[in-house]
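Biologist: Could you walk me through the spaces inside this protein and the place where its ligand sits? I'd like to follow along on the screen.

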Amino acid sequence: MSRDRSPRRTLVRVRELTKSFGPTTALDHVSLTVGAGEVLAVVGHNGSGKSTLVKLLAGFHAPDGGVIETRTRDGATTDLRFIHQDLGLVGTLSTVENLSLGTARGLGVLGRLRGADERREADELIRRFGVDFDVDRPVEELSPAERTIVAIARALKGWDEQQDVVVVLDEPTASLHGAEVDRLMAVVRAVAERGAGILFISHRLDEVLGMADTVVALRNGRVVGEVPCSDTDYAGLVELVAGEAVEGLDRRAPVPGDVVLRVSDLEGDTIRNVSLEVRAGEIVGVAGILGSGRDELCAAIFGGRAYGRGSIELAGRTLRPGDLRAAIRHGAAYVPGDRHKHGAVMSMTASENLAAVRIPRIEKPWARVRSRDEDREARHWFTTCGVVPDRPRMELSRFSGGNQQKVVIAKWLRTRPGLLLLEEPTQGVDIGAKSLIHRLVAGSADEGTAVLVASSEAKELAELCDRVLVLSEGELVDELAGTRLTEAAILNASVPS
Ligand SMILES: Nc1ncnc2c1ncn2[C@@H]1O[C@H](COP(=O)(O)OP(=O)(O)OP(=O)(O)O)[C@@H](O)[C@H]1O
């Protein structure tokens, strides 16, 4: 995409920013600028320092060296506004109420915020972004893209275009589906066209190319490249992030074995009448927009989520609804979409997290794994999954997001599961680590694991899976395999008719 390359008024200048945590240098003399009307993307491998940069800009950490200049040449001060991954919205409150928090004119008898003016203002704000939805609905009922738009609207509330502002977005598209990403990208571009600067972090390099004017790449805390997006392409960005070309998955056609998982007539909160089978050695994808049942299926099978009707058989044995222990005993493993809530204990060390699932095959129930063995095994998995830094005894919360995800994947791979249930397995991981995780999952399937993988990323499903089941409004509406299995076909089939 070719965009205006005329010099822009600088809104934020970062000079020689440096930050260490103990022996780890997270940022090493990083310099960059964000101009008015510019969309600047920051990319880099897991642990390259992106979140640390955002935290320094937000004032959450103080730098060890360097400065952040927010005073422009005209003497004005740039306002920095942040949209973090969790968006910081109150789900049970409406858009009007979320936009009014902290500035509300009064509370009604039932604690609902009042004010026709606030409703009108919210309506106008949302429409300025070219979207239109009911501003009185609780935001938890909106689509993820709509929720992100509410967060952007809140960040920009009160902004008049004379005021200098830079909006910082930390992985805004992490859980969004194709069409929703397009919508969000259009909103971000519209905000930039009105004069704001945008700094955004992303691992999705195709989106970086679609959205940004300039891309800055970090590697081990250092800037290793700054290029206009018009001068590069996908392969160029991959090399910039990974330092080398990244091989795609070359998966040979599997020879499926016996049926490992049989789901019959399953009914859940959103799922309706879903029946499916996964055989040993197969990788089966689950596609669909959020709310289609895609994000409920794996949890229901594993037992982490109750379901109303239907049956689940694992290796020929019927699982009782919600019986997680039986699922694990019979060889199921589950990497949940929300690693903070369900996937790991952030206050425990990486090594403790890895050992959290007992393996009945090799561990006696009364035996405690000795910490030396635990460490040796943790090191093996750190190497296999490329976790950095190589410090298994460090608390998991201190690892970067992508490295935490690798630990959660390793925790389950070490059980050599018969059935591997994955939700968003590569969320927040860099392009090199994604390829590595795909190879590990494919390797596990080659050894006979049946894999069911739910992902919002059609590209990932098309690359990794042997066949893909498409859910829409809770029902299975299509199955794609062979030459029909493409990214475009998955996206098309996922849109409700
Ligand atoms: N509070 C902390 N204590 C110790 N080390 C930390 C802390 N915060 C960050 N680090 C380390 O600093 C480095 C940079 O981490 P950062 O979270 O900035 O990476 P990132 O580029 O955002 O990674 P990801 O893409 O995985 O989110 C990592 O090695 C990380 O483990």
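Biologist: How many residues in the lining of the largest cavity are charged?

Modeller: This is a predicted model, where local features need pLDDT of at least 70, side-chain atom pairs count only at pLDDT 80 or more, and totals for chains, interfaces and linings use all residues. Residues are numbered from 1 along each chain as its sequence is written, and side-chain values use heavy atoms, with hydrogens and water left out. Ala, Val, Leu, Ile, Met, Phe, Trp, Tyr, Cys and Pro count as nonpolar, Asp, Glu, Lys and Arg as charged, and the others, Gly among them, as polar. The lining has four nonpolar residues and one polar, and its charged residues number three.

Biologist: Happy with that! Which helix gives the largest share of that lining?

Modeller: Helices here are DSSP runs (H or I, at least four residues), numbered from the N terminus. Two elements give two or more residues to this lining: helix 2 (95-100) and helix 3 (116-128). The largest share, four residues, comes from helix 3.

Biologist: Now the ligand: by class, how many residues in its shell are polar?

Modeller: Counting residues with a heavy atom within 4 Å, 18 surround the ligand, with Ser51, Ser400 and Gly402 among the closest. The shell has four nonpolar and two charged residues, while the polar ones number 12.

Biologist: Lovely. Which helix gives the most to the shell around the ligand?

Modeller: Strand 2 (24-35), helix 1 (50-57) and helix 13 (401-413) each give two or more residues to the shell. The one that gives the most, with three residues, is helix 1.
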